[in-house]
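User: Hello! I have a two-chain model open on my screen and would like a close look at one part of it, followed by a walk through the surroundings.

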Amino acid sequence: QDRAISGRVTDRANGQGLPGVTVLVKGTTIGASTNSDGTYTLSVPASATTLSFTSIGYVSVERPIGTASTIDIGLSTDTKTLGEVVVTALGREEQKKSLGYSVQDVQGSELTQARETNVVNSLAGRVAGVQISNSTGAAGSSSRIVIRGAKSIQGNNQPLFVIDGQAIDNSSFSNSDSGGGIDYGNAASDVNPDDIETMTVLKGANAAALYGSRGANGVIVITTKSGRKAKGLGISVNSTTSFESPLKVPDFQDQYGQGSGGVFSYVDGNGSGDNDNVDESWGPKLDGRLIPQFTSPVVNGVRQATPWVSPGKDNIKKHFFQTGHTLTNNVALTGGNDKAGVRVSYTNLDQKGILYNTYLRRNTVNLNAGADITSKFKVSTNINYSETRGRRPGQGYDELNVMQQLYTWFGRQVDVRDLKSLYENGGRNANWNASYHNNPYFVLGEATNDDRRDRVIGNLTLTYALTDWLNVTARTTNDIYNQFNQRRVPAETVSNATYDDYTEERIAVLERNTEFLATANRNLTEDLNLDFLVGVNRRDNRVNRSQIAAPELAVPNLFSLGNSATPLVSDNNFGTSNSNNAGILNPVTNRRVNSVYGSARVGFKNFAFVGVTGRNDWSSTLAAGNNSYFYPSVDASVVLTEAFGIKESALSFAKIRGGYAEVGNDTEPYRLQDIYTGGQPFGTNPTQTVFNVKYNPDLKPERTQSTEVGVELRFLQNRIGLEVTGYKTLTKNQIISVLTSATTGYTSKILNAGQMSNKGIETILTLAPLSPSSALQWNITANFAANRNRVDEFDKEGQIKNLVIGSSGFGVNVEARVGQRYGALFGDGFLRVPDGQYAGQIVFGADGTPLVDPTRKVLGYYTPDWIGGITNRFGFKGVEFSATVDTRQGGSLQSETNMWGNYAGALTNTLNGREDGIIGAGVQRNADGSFRPNDVKASAEDYYHGYYYNVRESSVYDASYVKLREVRLGYQLPKSMIERTFVKGIGVSFVGRNLWLISSKAPGIDPETSFNNGNTQGLESTQIPSVRSYGFNINLTL
Amino acid sequence: CTKEFEAINTNPNNATTANPAYLLTNAERANIFRLFDIPANQDGGELIIQHWAKIQYTTEDQYGFRATSYQSIWDGFYAAGLQDFNQLIAIGKQTNNPNLQAVGLVMRSYLFSVLTDLYGDIPYSQALRLGENVLTPKYDSQEAVYTGLLADLKSASSLIQTTGGGVDGDIIFGGNMVKWQKFANSLRLRLAMRIVDAKEATAKAEIAELLNGTTPLMTSNADIAQFKFLGSTPNTNPIYENRLTRDDHRISRSIVSVLRRRNDPRLPIYADKPTCGDSAAFYRGVRNGLTTSAASALGPLCSTSKVGAYFLAPTAPGVLQTYSEVLFLKAEAIARGYVTGVAATEYQNAIKASMEQYGITDAAAITTYLAQPNVVYNAANYKESIGVQKWIALFGQGVEAWSEWRRLDYPKLPVAATPAAAAAGKIPVRFRYPANEQSINTASRAEAVARQGADLITTKLWWDKL
């Protein structure tokens, strides 16, 4: 006969009741789960001897029943050991120990306290093998994330973002490149950190086979907070305030002002005075002599001479950059019981950039709701609406990026405060140089780039339990956004001739997935568990873009398409383009992928696991006959400590794992058939041209093969943990647009043969140096990852040896070269003595400047040798302190800030030899072909012109760095202090991010920079400096 | 489940078939724009040949040509120019439209000749064949290129049917096939004369055939092959477009002094007077190849002479070949004894045609000009007479002026004041191959360099024997 047992399960750490704990009579399926206050009641048969208590995130406990009718128990949290659960493909929670591949978690609390407006940046330094590069310090700029190195020669190398089982779009519609443009951020930055419960990084293709092609680069799985575990009504408020300032600014000289050859005198800044339109600082010494300047008073039509002095070395740093300010406020309401839960959250982000008149503002509303309609039928939904508005600065080497002027082409006597007051007092674009430059405040104040993105990400999931081990699920997910960009270029800007120019761009993006799943979890025998899933999915992607420009506006200062004086220009047309408006090749793109997939995982005695997956896709982008492709994966893991019953030894946990996966991939739409693009008409004659890309009707799917093996070890009651993973990937039949010699008639061709391989190692080491029972807690997490990458081939015939991925505006290519590492920087190097006593020395010409080697060469690679990070965490009675340092070692970048800053005499470096000239370190070639030490002196102006203009090698630097990424000091008020109040928790933390560039070899810039988040990295193009941020966070739970 | 795929992947954005009229309009516009744009003309031929000089960003005037410039000339002419004309030739064949085929052949030949005159050996026979998977076209010798071009122009002329319809979308001659035929033959005359020092027998035979009196050639300024740009963007002259934002170019001191010594009535058209400074009453040309500091020492921008307003207008024509040039070629052919005639007469008519081209029609003034000792035709040194006058007449046509100077070696021009080391103290005689050929057509380029000589701006081309 049965009898009743009841009790309460609590969290050992705080004594609070734990809901949802599974209480089972061991050896049976008889059980119950605890209520919201942690209590349970269970009817057990007389034969029952033991109860087991299990809950995700807690150490499982077994208790003999004996004769007790009440069993209370406290569970201790377990983040390290056997019960750890991670969210993997399709939003499934799986035991980490059962996985044959590497995954790593980041908790949401870490993201909200150490806040980044772009959530991608928060992962920097935290996850082994994940490289994050934030492009610039502009508010809302994009970030690039690459896991285990680039796998695609030319395509997307960034992971898929998945929220609650829903893949979301992470496009970047930025048009910033070496020549200018706007960085509109990457779309995943819309995800609000406040709504994130956990982020899990699935690193390899193994982890991602079930997501399809887009998982080949890894997957970032985001689980949002839900109301499910709430007990009654809960309110939480989170507020973060932070301040931003430039992390690193070039070292400017303050000894010599504008001009050339030591001569300067201002008349109109347009060439009427002596060198008054020269935008370099090779002018007179800033010694207080009297010279007419743009700020000098004009008396009777004559500009007076005023003292020629420096406004200070740090004029730009102190006075041009403003302190950025970010305020984020979040309030969330949760409510629920054991049958249903709701969480509603509202977040407001208001960021003021470090550049004048730039900002990013975002409002997010998130609804997460789920309910058990019946015991068998569940419904859940997550709907997120965000509205993002930005006012963004120009980027790249362009007059509309103010850094181009301030960092390089600048008169060092110019006080930026004078420029500001000129602009603010109605001077419009008046400035120090009327020929080539704008007033930077005018550019930021009037040549504005505004954008607005409205986005809804939502899903609806219905699940029905056919039996206690078989569920069926139907799910629809939608990610829809509309972006509206407005670019204004006033007539007064120097490159814009006579009219105001206005451009509107509209982008509409949709991703829709419709999915049916059946999942099963069943113990086949006592020792054998089967976890099984089959599904079908249809994915539709639609992107519509249009760009309309009014290059000549009628009424000045009225930026509206209706105000156009000439016919509007649609930049959906290729051909002749006007300023800053790049053409859009495919304004409308549609793609559909149908899929059937399945997975099965078998567990033996809960210590040995084997998983297999398989997926077949049919993609609309490939021709019939080539558009169906299947790809499988298999992985296995064995927990050795359990398999061999190892207990009570120094080794607390040991697991080995391994896996193999293939992922197939399709291509972009419309790459099968050649096209003719239209251009602007010539008078009334329409125009057309053969498009310069040769398409390919025979494209076959790409394929990535990936193998990984790993070991996870923990020692001394888990106080030491070590996880090591080795992997190899091979991506073949890559669909690449190879740059072809224009002599072929096309500048590129779509080929289907590229192959690239990666191999690497990742390690994660965790240490708890102090005893778990001591009041002071100290945890160290260190990660290290090295990836070696090789470009194997481009075409089967081997005709193509090199592929240009991108290039700087001044002759440095980023290339993939057969047999070499990805990301070669290729350009002009110094001519060096090949051999003999002067071997390796730079050869100087008769004018005393270095000669160029006529054979261009690889000047470096942007891909690093290794990356790593270390986090130290200390906890003491509610106070937590943590610090993260991360590093990238190896890799190079070419810097235009340094190239032009030296050329133009703006940097301190150019003070050498100002008065006496310079004899460069190197040799001269004698008439007989021998060499002698260089004995030709050049003026500093000629020397720096030649040294930096002729040779790109002179501005290539080692991109290694060590950064103090984050420091956080937090304090959680002890429960005892607030017990009697209505407040459930109060915490406060002080956080600094990107605080200190501890070591770096690239002068004056943060080497972690780029002009966008694409594959063209390793080029610095007078970039907006990255920011240091510091601030505080308060959270309150009611 | 895949039956809608074909519809989904049908390109909704761009045409998959061409309209030859639209292709022709764009190919003419884009390539003639390119011929007169910064890299080939304004910072290329016009500086090297000392029609123009630079007072700001003087690097190119010192023969420091940017790697990106060679690239844009090469990529533009091959992928956006030759490719389109090649397509037109193919469409002409397919649709049995010999006139379209001929126009394509003439323009393709023109662009190939520009490319080979700039670089020397170039991809020709294997060029434009990506459809046959030729990914890395071999370079042909310049001799082979010229052989091919002369043959193409001959067949173009014979393809033309002057009765019946012309071609649609033609902005150069408005579809007038009589003029196209004259242009085809006049261009062939230019190219035949170009190889006269390298392959005289061929040149002589070609020239004799062309000047036999029955082959149609340009016969007046109405036959000039030129492209008339429009008054508004994006269809304006590239020099106008450059001057919207830049003011770096000035008239060269070299041409100002040659014109002034001859009281040449073309001077006020070629140049404007300064608007400030001591020399506002005179044409103040700028020495070529100044350093930035030497150029700024000249004084304010307004104190030196700009290129004449005629050339800066949005509608200024892009000139491919003039009647005057044909007469100079005829004079030279007579001087070389290839055909009979009076060289001095053709020479004088050539100068006269050049003047008339700019609206200088005062017969007495022209007669006075022609009678000057430094203008009178010198049979003993016809290369100097023709070289100097042709150089004047080709003002604005930088690439052709540079080629003819290299061939005739007149006028004697000074080297840039401070030449870049790469020039080895000489005026450049070619451009370097574009940088990307080293990356993506490595072996073919290397083979050309081995045959032609080092890839330097000092390496002489095949036809530049003297």
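In strand 34 of chain A, which residue is the bridge partner of A:Asp635? Please start from there and then take me on to other parts of both chains.

Analyst: Happy to help! The bridge partner of A:Asp635 is A:Gly659, in strand 34 of chain A. Please keep in mind that this is a predicted model.

Let's look at the strands around that pair. Strand 33 of chain A (residues 628-639) pairs with strand 34 (residues 651-665) of chain A through seven bridges, in the antiparallel sense. Strand 33 is also joined to strand 32 (residues 608-619) of chain A, by 11 bridges, and these two run antiparallel as well. Within that pairing, A:Tyr629 of strand 33 stands opposite A:Asp617. As background, strands of a sheet pair through backbone hydrogen bonds, either parallel or antiparallel.

How far can you trust the coordinates? Chain A has a mean pLDDT of 88, with 96% of its residues at 70 or more. One stretch to treat with care is residues 573-582 of chain A, where the pLDDT is below 50, although this stretch has 38 contacts in the model beyond near neighbours in sequence. Where pLDDT is low, the predicted coordinates should not be read in detail. For chain B the average pLDDT is 94, and 100% of the residues score at least 70. The predictor gives the complex an ipTM of 0.93 and a pTM of 0.81.

Chain A also has an open sheet of three strands in the order 4-1-7, with mixed pairing. Its edges are strand 4 (39-44) and strand 7 (73-75) of chain A, each of which pairs on one side only. From one strand to the next, the twist averages 35°. Strand 1 (residues 3-11) of chain A runs antiparallel to strand 4, and six bridges join the two. On your screen, you can find A:Arg3 opposite A:Val44 of strand 4.

Another open sheet of three strands in chain A has the order 45-51-52, again with mixed pairing. Strand 45 and strand 52 (931-933) of chain A each have a single partner strand, so one side of each has no neighbour in the sheet. Strand 45 and strand 51 (residues 923-925) of chain A run parallel and are joined by two bridges. There, A:Val843 has A:Val923 of strand 51 as its bridge partner.

The loop between strand 45 (843-844) and strand 46 (857-861) of chain A holds A:Ala846. This residue is partly exposed, because 13 other C-beta atoms lie within 10 Å. Leaving aside residues up to four places away in sequence, A:Ala846 touches A:Val936 and, across the chains, B:Ala421. The C-alpha atoms of A:Ala846 and A:Gly920 are separated by 12 Å, with their positions 74 residues apart along the chain.

That cross-chain contact brings us to the interface. Here 64 residues of chain B are in contact with 76 residues of chain A. On the chain B side, the elements giving two or more residues include helix 1 (5-8), helix 2, helix 9 (238-245) and helix 19 (435-440) of chain B. The largest share, 12 residues, comes from helix 4 of chain B. The residues on this side of chain B divide into 31 nonpolar, 27 polar and six charged.

Helix 2 of chain B, one of those contributors, is mostly covered, with 15 of its 16 residues buried. The end C-alpha atoms of helix 2 (residues 20-35) are 22 Å apart, which agrees with the 22 Å that its 16 residues should span at 1.5 Å a residue.

Elsewhere in chain B, B:Leu312 belongs to helix 13 (residues 309-312). With 16 other C-beta atoms within 10 Å, B:Leu312 is partly exposed. Apart from residues up to four places away in sequence, B:Leu312 touches B:Ile239, B:Tyr240, B:Arg243 and B:Val307.

Finally, helix 15 (residues 343-357) of chain B reaches 21 Å from its first C-alpha to its last, close to the 21 Å expected at 1.5 Å a residue. Among its buried residues are B:Tyr347, B:Ile351 and B:Met355. The buried residues of helix 15 pack against helix 14 (323-335), helix 16 (363-371) and helix 17 (382-393) of chain B. Following helix 15 is B:Gly359, with a positive phi near 80°.

Technical notes: Residues are numbered from 1 along each chain as its sequence is written. Chains are lettered from A and ligands numbered from 1 in the order in which they are written. This is a predicted model: local features need pLDDT of at least 70, side-chain atom pairs count only at pLDDT 80 or more; totals for chains, interfaces and linings use all residues. Helices (H or I, at least four residues) and strands (E, at least two) are DSSP runs, numbered from the N terminus. The expected span of a helix is 1.5 Å times one less than its number of residues. A residue is buried if 20 or more other C-beta atoms lie within 10 Å of its own, exposed if 12 or fewer, and partly exposed in between; C-beta atoms are placed from the backbone. Two strands pair if DSSP finds at least two bridges between them. Axes are lines fitted to C-alpha atoms, for helices over the stretch in contact, and angles run from 0 to 180 degrees between N-to-C directions. Two residues are in contact if their C-beta atoms, placed from the backbone, lie within 7 Å. Ala, Val, Leu, Ile, Met, Phe, Trp, Tyr, Cys and Pro count as nonpolar, Asp, Glu, Lys and Arg as charged, and the others, Gly among them, as polar. pLDDT is the predictor's confidence in each residue, from 0 to 100.
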